[in-house]
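Colleague: Can we go through this model together, backbone first and then the packing and the empty space? Short answers are fine.

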Amino acid sequence: MKVATYFLNGVSAVGIVSEDGQSIIPVKTLGYKSDSMNEFIEELGGSIPAVNGSAEALPMSEVILDAAIPEPKQDVICLGLNYRDHAEEATKADKVFDVQKGDAVYFAKRVARAVAPDKPIDGHFDICDSLDYEVELAVVIGKDARNVKAEDALEYIFGYTILNDVSARNLQTRHKQWYFGKSLDDFTPIGPWIVTADEFGAYPELDIRCYVNGEKRQDSNTRMMIFDIPYVIEELSAGMTLKAGTVIATGTPSGVILGMDKDKQIYLKSGDVIRCEIDGIGALENPVA
């Protein structure tokens, strides 16, 4: 099931997307009270939304999709270097990425408001000279998670979406940490919707790709992650409460500009179009402003 945030006549709402993607059912017509995705996740309390056969739907052509979860709870939690091939390319590019091996690398990404599908990404070219992309599978937590065991992780996952971890590489490497270079305004497109966890389970094996101006740059499968999702939820929830609505970005495969040979590193510029795809979820496309 696909759950989306959308605008109708300038008013934000949450809806269930039809299987053919041609219409959307407002959740309020199904008896739910929520106006936002965060409220809807909390209202469900870890359950999957129910749709009755008589529900009235809006044509998708009449609405405008917003980011799947426009205002994630707290900062987005990110895994760095969670695909072995990306870890190798990043370390080769800059020793700042040569981190201790054997443990997951976590960092935070500040998101004032996530960028919606088809909306522009501000490249911040006044301070960024090396704008890069990173397609990632994002996990959305469905209910407060504390001290969760890996075998129980699926009970706490609301669903999955696509996240583009846009990065200013000069800021990321200059400061020897990743928070600033990953957290500029508009650096977190999320969407086009959330696919509920019952579609994929706790160990999704999904093809994941990224294109720039139609050229394929990244091509892998989420089974190639070093640390799987249940492991991450168990490790993080052992020391902190993952609130309902928390977004965890699970890392990116190889193929980013940072990892290319120096003579081939042509960073993103205004007018470029980034298309992130994950099979079973869809595509998230954004131009660079």
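Colleague: Is D186 buried, partly exposed or exposed?
Modeller: This is a predicted model, where local features need pLDDT of at least 70 and side-chain atom pairs count only at pLDDT 80 or more, while totals for chains, interfaces and linings use all residues. Residues are numbered from 1 along each chain as its sequence is written, and side-chain values use heavy atoms, with hydrogens and water left out. Buried means under 20% relative accessible area, exposed over 50%, and partly exposed in between, with a 1.4 Å probe and protein chains only. D186 has a relative accessible area of 29%, so the label is partly exposed.

Colleague: What is phi of D186?
Modeller: D186 is found in the loop between α4 (179-182) and β12; helices (H or I, at least four residues) and strands (E, at least two) are DSSP runs, numbered from the N terminus. Most residues other than glycine have a negative phi. D186 goes the other way, with a positive phi near 75°.

Colleague: And L81, is that residue buried or exposed?
Modeller: L81 is in the loop between β6 (76-80) and α2 (84-93). Its phi is also positive, about 55°, though L81 is not a glycine. Relative accessibility is 13%, so L81 counts as buried.

Colleague: Which residues does the cis peptide bond join?
Modeller: Most peptide bonds are trans. Here omega is about 0° at a bond whose proline sits in strand β12. The pair is G191 and P192.

Colleague: Where do the buried residues of α1 fall, seen down the helix axis?
Modeller: Helix α1 (residues 37-44) has M37, N38, F40, I41 and L44 buried. Taking directions from the helix axis to the C-beta atoms, these buried residues fall within an arc of 165°, so they line one face of the helix.

Colleague: Which strands do those buried residues of α1 pack against?
Modeller: Contact means heavy atoms within 4.5 Å. By that test, the partners of the buried α1 residues are β1 (2-8), β2 (11-17), β9 (135-141), β10 (157-164) and β12.

Colleague: Which residues touch the most other members of the largest nonpolar core?
Modeller: A nonpolar core is a set of buried Ala, Val, Leu, Ile, Met, Phe, Trp, Tyr and Cys residues joined through side-chain atoms within 4.5 Å. The largest one holds 59 residues, and the two touching the most other members are I248 and I281.

Colleague: Which element gives the most to the lining of the second largest pocket?
Modeller: On a 1 Å grid over the protein atoms alone, a pocket is an open set of points with protein on both sides within 12 Å along at least five of seven lines, a cavity is a set where a 1.4 Å probe fits but cannot get out, and lining residues have an atom within 4 Å of a point. The second largest pocket holds about 180 Å³, a volume being the space filled by probe spheres set on points joined across faces, edges and corners. Its lining includes P192, W193 and R275. With three residues, the top contributor is β17.

Colleague: What is the volume of the second largest cavity?
Modeller: The whole structure has two cavities of 30 Å³ or more. I248 turns up again in the lining of the second largest one, along with residues including L79 and D228, and helix α5 (residues 229-237) gives the most, with three residues. The volume is about 40 Å³.
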